[in-house]
Amino acid sequence: MEYSVSKLTGHSAAELERAAAECVRACADEATAVRSDSELKAFRDRWVGRKNGILTQINDLWLKGAPKDAKREAGIRVNELKTRIQGLVEGAHVAGDDPGSTAAERVDISLPGVRRPIGAEHPVIKTMHEMVAVFQKLGYSVADGPVVETDYYNFEALNFPPNHPARDTQDTLFIAGQQEKPQRERLLLRTHTSPVQIRTMEKMRPPIRIVIPGTVHRNDPPDASHSPMFHQIEGLAVDTNITFGDLKGTLDHAMKEFFGSSVKTSFRPSFFPFTEPSAEMFVSCFICGGSGRRGADPCRPCKQTGWIEILGCGMVDPNVFEGVKHNGYDPKRVSGFPFGMGADRIALLKYGVDDLQLFFQGDVRFLQQWA
Ligand code: DAH
């Protein structure tokens, strides 16, 4: 028989207790008998419905109807009972469903699934992959090294002696608390990918041909063309009889592969501590075709010169080989050329982006353009 709220005769504690126990048992039984969503709704309405639910009736009959001196006791018991009934009603579910899952939480398998958009290669990473691929086709293999580097690899082994003014051009970020160590062991964030030249020559005997993509850091405040974190692509070829002609031929070919066969290259003297001689390589502007003008307007990327500076290069300085001589790099026997370029700058030019910060802000609306 269906439970209905009994009228109490005396409102004694014992009578209230018995009535409450009977009520809880009935509610629990009804909760386990729920077989469908509509039954669940009816069950809820019947027990906790505001207008004439069982809890409302109990409130009226057992509490409001209690004589004055029994009110306090009745209040405590009715409140306890309410908490238990509400717990049972909340926990009720259609038999066979996961306990605790309400109709609203259950899965409608006829709905389309959640779509997780597939990411795309970031334009800087894409540029690095493309440039690396150009050198891989020439037989270069990929090398890498740590971003937290020692003073030795980042500077000393690359022929930047302690206190050499060329160190000042690198705006180095140092790791704190290193003063106790000898200078060459002190840690810093590598300012260029060039230390990987040394690390690789220590591990591999000549001949080598390596390309090194990587992250570097400098103490540069962020603006449209600077970032404290950026990317470089380095390269190094060492063998017997490598000449400056090999350097020019290799890099000219690589630039034609990367930017298109119509670009020209131009080498101009420069200085780097680890190369002798040193050069900067320019590529004819692939935006204006080298004319310096775009229709009636000046070409901004090449500053109207028709040429864009792309990389630094040179012949390995004999002092650099001295440090790895024990591994087959005798400067009298081998020669080689390294080169290094900024991947972010190349990506800016290639994709016509005018603010470097856009690459690192992670705004999906910007990055989606390459998806
Ligand atoms: N490491 C240099 C820099 O970050 C770039 C560079 C110049 C790398 C000449 C080279 C090189 O390998 O030969 O400023």
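In this predicted model, the ligand is a good place to start: one of its nitrogen atoms sits 2.9 Å from an N or O atom in the side chain of Ser194. His192 makes a similar kind of approach, with a polar side-chain atom lying 2.9 Å from a nitrogen atom of the ligand. On the oxygen side, the partner comes from the backbone: a polar backbone atom of Phe339 is 3.2 Å from an oxygen atom of the ligand. On its own the ligand has 360 Å² of accessible area, and the protein covers 91% of that.

As for who does the surrounding, the shell around the ligand holds 15 residues, and those that come nearest are His192, Ser194, Arg218, Gln232 and Glu234. Sorted by character, the shell comes out as 8 polar, 5 nonpolar and 2 charged residues. Three elements each give two or more residues to this shell, namely β5 (229-239), β10 (307-316) and β11 (335-342). Gln232 and Glu234, two of the nearest residues, fall within the range of β5, and Phe339 with its backbone contact falls within that of β11.

Turning to the helices, a pair of packed helices is described by the angle between their axes and the distance between those axes. Helix α1 (residues 13-32) and helix α4 (residues 71-91) have axes that come within 10 Å and cross at roughly 10°. An angle under 35 degrees counts as roughly parallel, so α1 runs roughly parallel to α4. From α1, the contact uses Ala13, Leu16, Glu17, Ala20, Cys23, Val24, Cys27 and Ala28. The α4 side brings Glu73, Ala74, Arg77, Leu81, Arg84, Ile85, Leu88 and Val89. Taken together, the residues of this contact split into 12 nonpolar and 4 charged, with no polar ones.

The backbone has a few oddities too. Most peptide bonds are trans, and most residues other than glycine have a negative phi. Against that background, Pro206 and Pro207 are joined by a cis peptide bond, with omega about 0°. Pro207 lies in the loop between α7 (195-203) and β4 (208-217). Another cis bond runs from Glu276 to Pro277, again with omega near 0°, and here the proline is found in a strand, β7 (residues 275-284). Lys303 departs from the usual pattern through its phi, which is positive at near 50°. Lys303 is found in the loop between β9 (297-298) and β10, and β10 is one of the elements that contribute to the ligand shell.

Terms used: Residues numbered from 1 in each chain as written. Predicted model: local features only at pLDDT ≥ 70, side-chain atom pairs only at ≥ 80, totals over all residues. Heavy atoms only, no water. Near = heavy atom within 4 Å. Polar contact = N/O pair within 3.5 Å; in protein donor to acceptor, adjacent residues only side chain to side chain. Areas by Shrake-Rupley, 256 points an atom, 1.4 Å probe, with all protein chains shown as cover. Helix = DSSP H or I, 4+ residues; strand = E, 2+ residues; numbered from the N terminus. Nonpolar A, V, L, I, M, F, W, Y, C, P; charged D, E, K, R; others polar. Axes fitted to C-alpha atoms, helices over the stretch in contact; angles between N-to-C directions. Parallel < 35°, antiparallel > 145°, perpendicular 65-115°, else oblique. Contact = heavy atoms within 4.5 Å.
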